[in-house]
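Got the viewer open and a selection box ready? Let's take a walk through this one, stop by stop.

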Amino acid sequence: MIRIAVFGATGQTGRLICRLLLEDQNFEVLACARTAEKLSQLQVSLGDTGARLTTRAVDLHRTADVDKILDEADLIVGATSQWRDGMALAARAVGSSTHYCGIYLSNPEKWDQLRELHSICLDRGVMVVDDCGTHPGLPAAMIRWIALRTPLHSAWVGGKFDLEWNRLGLAAETVTDFVSEIESTDPSIFVEGHWKRGYHHTRQFEFQGRQGHETCTPMLMEEMRELAQTGTVASTGFFIAGFGPFIDYAIIPLSMLLSKINRQASRNLLWWGLQRY
């Protein structure tokens, strides 16, 4: 039986990860979060899982508590609300020879620190994988899957946020991470073996359930950079559709300016705009 500890288990994605893992009889899940009350609610919502689900209230800043969980787990999953948690969890996991998987947003600072663990991972035979969500995570996986079956010269992937933001109970830290991701966006694509950068490199995509094509802007993610380096395709890139004219051309620019002065106010402005418009 493989024992998997999920940090951030009571969050939007953490709950789903726990549910999916418990569908496999080969997995035991240790659900970890800050609040015991929310963990009890999670346990009730997941139904009768027998002895394969246990919960643990954990403060990530208390390293002794984290280390105790690492001693019990074969793999830990980072699904907390802040991408910086992933760097700390990965480092602790490698130190205890435990595998790590994170679903955090792509961020240059995160990857710089994770790459410092590379040689230790090889020495200890430990796996560290991050950017394992849908955005990022899925685009390069889809391209690799297709390339295994048929040769590809170019592969362009488009995405669109189609969410009812006012129905999402996102943590404040998650919204802050979202603002940080927008700030650090690199509008680069890989064309015939060379990188080209600029928001003018837009592409049109037709999304299911939508009439007509929508313009998407380039957004480089680490998985796409590594895909290009493997030589799998000569041209590739990820593109994202905006949130609508008012958000794209008013709220986001204002939020970016405000973030230089007051990050909390910047976060609040963007979150207000997403829910309202």
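What follows is a tour that starts at the sheet, moves through the salt bridges and ends on the surface.

Before you click, note that this is a predicted model, in which local features need pLDDT of at least 70 and side-chain atom pairs count only at pLDDT 80 or more, while totals for chains, interfaces and linings use all residues. Residues are numbered from 1 along each chain as its sequence is written, and side-chain values use heavy atoms, with hydrogens and water left out.

**Stop 1: the sheet**

Switch to cartoon and colour the strands. Helices (H or I, at least four residues) and strands (E, at least two) are DSSP runs, numbered from the N terminus. You should find 6 strands in an open sheet, ordered β3-β2-β1-β4-β5-β6, with parallel pairing. Where are the edges of the sheet? They are β3 (53-57) and β6 (128-129): each has a single partner strand, so one side of each has no neighbour in the sheet. Two strands count as paired if DSSP finds at least two bridges between them. As a reminder, strands of a sheet pair through backbone hydrogen bonds, either parallel or antiparallel.

Now select 2-7, which is strand β1. Of its 6 residues, 5 are buried, so β1 is largely enclosed by the rest of the structure. Here buried means under 20% relative accessible area, exposed means over 50%, and partly exposed is in between (1.4 Å probe, protein chains only).

Add 27-33, strand β2, which runs parallel to β1 and is joined to it by 6 bridges. To see the register, pick Ala-5 and its bridge partner Leu-30 in β2, then Phe-7 with its bridge partner Cys-32. β2 is mostly covered too, with 6 of its 7 residues buried.

Next, select 75-78 and 99-102: these are β4 and β5, running parallel and joined by 4 bridges. Leu-75 is the residue that stands opposite His-99 in β5.

**Stop 2: salt bridges**

Turn on side chains. A salt bridge here is a side-chain nitrogen of Lys or Arg within 4 Å of a carboxyl oxygen of Asp or Glu. By this rule the count comes to 13.

Start with Arg-3 and Glu-72, whose side chains meet at 3.6 Å, N to O. Arg-3 sits in strand β1 and Glu-72 in helix α3 (residues 63-72), so you're looking at distant parts of the chain, 69 residues apart. Buried or partly exposed: which is Arg-3? Arg-3 counts as buried, because its relative accessibility is 17%. Glu-72, at 28%, counts as partly exposed.

Go on to Lys-110 and Asp-130, where the closest N and O atoms are 3.3 Å apart. Lys-110 lies in helix α5 and Asp-130 in the loop between β6 and α7 (138-147), so the pair ties together parts 20 residues apart in sequence. Lys-110 has 0% relative accessibility and counts as buried; Asp-130, at 6%, counts as buried as well.

Then centre on Arg-115 and Glu-222, with their closest N and O atoms 2.5 Å apart. This pair links helix α5, home of Arg-115, to helix α9 (residues 222-229), home of Glu-222, across 107 residues. Arg-115 is partly exposed, with a relative accessible area of 38%, whereas Glu-222 is buried at 11%. Before leaving, select Arg-3, Glu-28, Arg-56 and Glu-72 together: salt bridges that share partners join them into one network.

**Stop 3: out on the surface**

Show the surface and pick Glu-116, in the loop between α5 (108-115) and α6 (118-124). Its 60% relative accessibility makes Glu-116 exposed. For a distance check, draw a line from its C-alpha to that of Cys-32: 26 Å, for residues 84 apart along the chain.

Last pick: Phe-246, Trp-272 and Tyr-277, a nonpolar surface patch with about 340 Å² of accessible area together. Patches are built from residues with over 30% relative accessible area and no salt bridge, with like charges joined within 9 Å and nonpolar side chains (Val, Leu, Ile, Met, Phe, Trp, Tyr) within 5 Å. The areas come from the Shrake-Rupley method with a 1.4 Å probe, and for residues only the protein chains shown count as cover. Tyr-277 is in the segment after α11 (263-276), and at 48% relative accessibility Tyr-277 counts as partly exposed.
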